[in-house]
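Reader: I have a structure to get through and some questions about it. Can we take it piece by piece?
Author: Yes, go ahead.

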Amino acid sequence: MQHLTNKRVLLGVTGSIAAYKAADVIRRLRDAGAEVKVVMTDGAKAFVTPLTFQALSASPVYENLLDKEAEAAMGHIELARWADVILIAPASANSLASLAQGRADELLNAICLASDVPLAVAPAMNKHMWADPATQDNVRLLAQRGVLFIGPDSGEQACGDIGEGRMIDSETIISRIAELFSVGSLSGLTVVITAGPTREALDPVRYLSNHSSGKMGYAIAEAAVEAGAKVILVSGPVSLESPDRVQRINVESAADMEAVVKEQVGAADIFVATAAVADYRPVTVQQDKIKKKEERLTIELEKNTDILATVKAEYTKTFCVGFAAETQNVETYARTKLEQKNIEMIVANLVGPLAKKTAGTFNSDLNELNVYWQGGEVKLELASKTKLARQLIALISQRFSLYKTNTDNKNNIISLKSH
Ligand SMILES: Cc1cc2nc3c(=O)[nH]c(=O)nc-3n(C[C@H](O)[C@H](O)[C@H](O)COP(=O)(O)O)c2cc1C
C-alpha cells in the first residue's frame, strides 16, 4: 500500500473520454491517506458530472476561474497554495498544449501557473493525437520544465484504435505520486519538536527571555508534516499561527517545556530541539512585583536542566537533533555539543552581529545552516526558513534511516551473541 498520509493532492480532470477513470484515482488517493480536491475543466464536465467527484473526494469540486463567489471562497491562488502536488488525470491533448503555452484562461491551468509544487500528468487521448508532432513537442517542452509524465499506456482505445495514448492504470499513477514524496519521507513516524523562547519569571509581571521568534522550529514542524510525520510541537510564547495538522502544546518556562517534552517524547522516533531554552532561571520568583528601591539589584540565577541531553540520556533510541545558535566559532561549539550531549545531529547557525546576511537571524525569514554529525557535515546555503526546513527534514530522514538500520543490526548482533 502506498503512503500519501497528510498529502494534499489537487486532481485536475480534463475533457477526455477517460474522465470517468478519475473516480478510481480519487478513491485510491484517499485510500493511500491523501486529501483530495478536484478541479474540472469545462471539457471534463461534458463527460462526468462534478457531483460524482464531490461525493468521492468529500470536498466541493472547483470549476470556475472568473466567478466572484468561488474566488471569495477558495480561489486559484489559495488552491495553488493548498496543494502539495498537482496531478492531471486524465490530461487531454488540449490541456498539454495549454500548459506548454502557459495559458491561464481556465481555473486548472491558472492554478498550475500559480503553483510551485510538482506537477504530474497522466495523458489520455487517441493514438494519433498522442503521436502528432504538436503534442509530442508539447510533451518534450513540459518534460524539460520538470513536469512528470505518468504514461500513457498502449492498448485498445475507446474509439476502437489500438496504440499508445490510453490513460495508464490508477495504481501506477498513485505509486508514481507516492514516489515523489519518498525522498525525505517520515511516513508513519512521530516527531516531537520544540520551538521559540522560554520565559523565566522574576516576579508576577517580569521575566527573562531571548529573541527567538520560533520561525525555524515552526517551519520544521510544517516540513515534517509534509513528509508524512505525526508532529507534536512544544512551543514557547511566539506570535505565530500553528501549522496545519500539527499538535501544538504551549509552554512558558524551561521547566514547563521539560515536563511536556518528557511526557511526549516516549512515543517519538525523532526529537528536534530548536527552542532557545533559557540556560538559567531566577533562584526565587518573587511573589509580589519587585519595587524600584535600590540603585543596584542583584538577581541570583540557577541552571536549568539541559532538555536535549536529558532526553537523549533517558531515551537512548530516540534520534535526537539539536540546534546551536552561536555568535562565533560555530563549528567548534556545535561539534562539542554534538559529543557532549551524545546526539545524532546538530544544526548550527550564526547569530548576532556577525550574521549580516540574515540580519542577526532571530526573527528573520532567511537563514543559513551548517549541519554536523559524527563523520559528516552539510552546508545548507542562505535560503528561506521554509526551504531550509524541507532540506533539513530530507537530511534527517536519510540519517534516521541509516541510524535505524545500524541500531537494528547492533541489536541483532547482541541478541545473536546472547544465544
Ligand atoms: C467523445 C469525445 C471524446 C474525446 N476524448 C478525448 C480524449 O480522450 N483525449 C483528448 O485529448 N481529447 C478528447 N476529446 C477532445 C476534447 O474533449 C477537447 O479537445 C476539449 O476541448 C478538451 O478540453 P480541456 O482540455 O479543456 O478539458 C474528445 C472529444 C469528444 C467529443
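Reader: How do β17 and β18 pair?
Author: In this predicted model, strand β17 (residues 345-350) and strand β18 (residues 366-373) run antiparallel, with three bridges. Within that pair, V347 of β17 sits opposite V371 of β18.

Reader: And β18 with β19, how many bridges there?
Author: Seven, again in the antiparallel sense, with β19 covering residues 376-384. One of the bridge pairs is Y372 with E377 in β19.

Reader: What's in the turn of that hairpin?
Author: Two residues lie between β18 and β19, and G375 has a positive phi near 85°.

Reader: Where is S364?
Author: S364 lies in the loop that links β17 and β18. Its C-alpha atom is 9.0 Å from that of S384, which is 20 residues away along the chain.

Reader: Why does S364 count as partly exposed?
Author: Because S364 has 17 C-beta neighbours inside 10 Å. A buried residue would need 20 or more, and an exposed one would have 12 or fewer.

Reader: New topic. Which residues touch the most others in the largest nonpolar core?
Author: V191, I193, I220 and A224, out of 60 residues in that core. Helix α11 (residues 215-226) contributes the most to this core, eight residues.

Reader: Is there another core, and what is in it?
Author: A second, separate core has 52 residues, among them A22, L29, A34 and I86. In soluble globular proteins, nonpolar side chains tend to be buried together.

Reader: Back to I193. What is I193 in contact with?
Author: Not counting neighbours within four places in sequence, I193 contacts G217, I220, A221, A224, V231, L233, V272 and T274.

Reader: Now the ligand. Which residues come nearest?
Author: T14, G15, S16, G43 and S92, from the 15 residues around the ligand. The elements that supply two or more residues to this shell are α2 (42-45) and α6.

Reader: Which element gives the most?
Author: α6 does, with three residues.

Reader: Charged, polar or nonpolar, how does the shell divide?
Author: The shell has seven nonpolar residues, eight polar ones and no charged ones.

Reader: Which residues of α6 are buried?
Author: A93, S95, L96, S98 and L99, in a helix that spans residues 93-101. The elements covering these buried residues include β3 (85-91), α7 (107-114), β4 (119-123), α8 (127-131) and α9 (133-144).

Reader: What comes just after α6?
Author: G102, which takes a positive phi of about 70°.

Key:
Residues are numbered from 1 along each chain as its sequence is written. This is a predicted model: local features need pLDDT of at least 70, side-chain atom pairs count only at pLDDT 80 or more; totals for chains, interfaces and linings use all residues. Helices (H or I, at least four residues) and strands (E, at least two) are DSSP runs, numbered from the N terminus. Two residues are in contact if their C-beta atoms, placed from the backbone, lie within 7 Å. A nonpolar core is a set of buried Ala, Val, Leu, Ile, Met, Phe, Trp, Tyr and Cys residues joined through C-beta atoms within 7 Å. Two strands pair if DSSP finds at least two bridges between them. A residue is near a molecule or strand if its C-beta atom, placed from the backbone, lies within 6 Å of it. Ala, Val, Leu, Ile, Met, Phe, Trp, Tyr, Cys and Pro count as nonpolar, Asp, Glu, Lys and Arg as charged, and the others, Gly among them, as polar.
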